[in-house]
Amino acid sequence: MEKKLSEMSLEELWKLFPIYLTEHQPYWKEWYTDEESFLKNRVPKIERISHIGSTAINSIYAKPIIDILVEISKDYCLSDYKEVIVKSGYTCMSETFDRLSFNKGYTEEGFAERVFHLHLRYIGDNDELYFNVSSK
């Protein structure tokens, strides 16, 4: 019987989920768009949803993991969203009063074809949207 992810040591998880960079893949945009639609149909009252991180930038190498920033109004409690996101196939990885992080696509056999990190924040808590790119 195989171990569940929650039963694995960090060393076992590192071997199962190695970090590697790859050239930009045009299908990442489609994966994001598909997941954006999926989330909009399940998660209520989204103020803004954005493709963030290295897979959102066409000209750089990236980990093949789609990062999604979901922003909601400060009129709602982030923790009230946890159950609906978990029921949508995500695992809650970390939780504070003003930030929740979820993963999807991690299996006991390794990465699924599509892997997502979802960052749930209040509207305006979106520093990940801005990059300072310069060349010297």
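This report walks through some salt bridges, buried residues and surface features of a predicted model.

## Salt bridges across the chain

Let's start with the charged pairs. Searching the whole structure turns up nine salt bridges. One of them joins Glu 35 and Lys 104, whose closest N and O atoms are 2.9 Å apart. This pair connects distant parts of the chain, since Glu 35 belongs to helix H2 and Lys 104 to strand E4 (residues 99–107), 69 residues apart. Both partners, Glu 35 and Lys 104, are buried.

Another salt bridge brings together the side chains of Asp 125 and Arg 99, at 2.7 Å from N to O. Asp 125 is in the segment after E5 and Arg 99 is in strand E4, so this pair ties together parts that are 26 residues apart in sequence. The two ends differ in their surroundings: Asp 125 counts as buried because its relative accessibility is 18%, under the 20% limit, while Arg 99, at 33%, counts as partly exposed.

## A salt bridge within one helix

For a local example, look at helix H3 (residues 82–87), which holds both Glu 83 and Lys 87. They sit four residues apart, about one turn of the helix, and their side chains meet in a salt bridge of 2.9 Å, N to O. Here both residues are out on view: Glu 83 is exposed with a relative accessible area of 52%, and Lys 87 is exposed with 66%.

## Two buried residues of strand E5

Strand E5 (residues 110–122) is the home of His 119, and Arg 121 lies in strand E5 as well. His 119 is buried, at 15% relative accessible area. Arg 121 is buried too, with a relative accessibility of 4%.

What does His 119 touch beyond residues up to four places away in sequence? The list is Ile 52, Asp 67, Ile 68, Leu 69, Val 70, Leu 100 and Ser 101. For Ser 101, the C-alpha atom is 4.7 Å from that of His 119, although the two residues are 18 apart along the chain.

Arg 121, with residues up to four places away again left out, touches Leu 69, Val 70, Glu 71, Ile 72, Leu 78, Asp 98, Arg 99 and Glu 128. Leu 69 and Val 70 thus appear among the contacts of His 119 and among those of Arg 121. Arg 99 will be familiar as the salt-bridge partner of Asp 125.

## Trp 28 in helix H2

Helix H2, which carries Glu 35, also contains Trp 28. Is Trp 28 buried or exposed? With 1% relative accessibility, Trp 28 counts as buried.

Setting aside neighbours within four places in sequence, Trp 28 is in contact with Thr 22, Glu 23, His 51, Thr 55, Ala 62, Pro 64 and Ile 66. Its C-alpha atom is also 7.8 Å from that of Ala 56, a residue 28 positions away in sequence.

## Surface charge and a backbone detail

On the surface, Glu 2, Glu 7, Glu 108 and Glu 109 come together in a patch of negative charge. Glu 2 is placed in the segment before helix H1 (10–16) and is exposed, with a relative accessible area of 53%.

Finally, it is worth a glance at Lys 45, in the loop between helix H2 (27–40) and strand E1 (46–52). Its phi is near 55°, a positive value in a residue other than glycine. Lys 45 is partly exposed, at 49% relative accessible area.

Definitions and conventions:
Residues numbered from 1 in each chain as written. Predicted model: local features only at pLDDT ≥ 70, side-chain atom pairs only at ≥ 80, totals over all residues. Heavy atoms only, no water. Buried < 20%, exposed > 50% of the residue type's maximum accessible area, 1.4 Å probe, protein only. Contact = heavy atoms within 4.5 Å. Patch = residues over 30% accessible without salt bridge, like charges linked within 9 Å, V, L, I, M, F, W, Y side chains within 5 Å. Areas by Shrake-Rupley, 256 points an atom, 1.4 Å probe, with all protein chains shown as cover. Salt bridge = Lys/Arg side-chain N within 4 Å of Asp/Glu carboxyl O. Lys, Arg positive; Asp, Glu negative; His and termini not counted. Charge placed at Lys NZ, Arg CZ, Asp CG, Glu CD.
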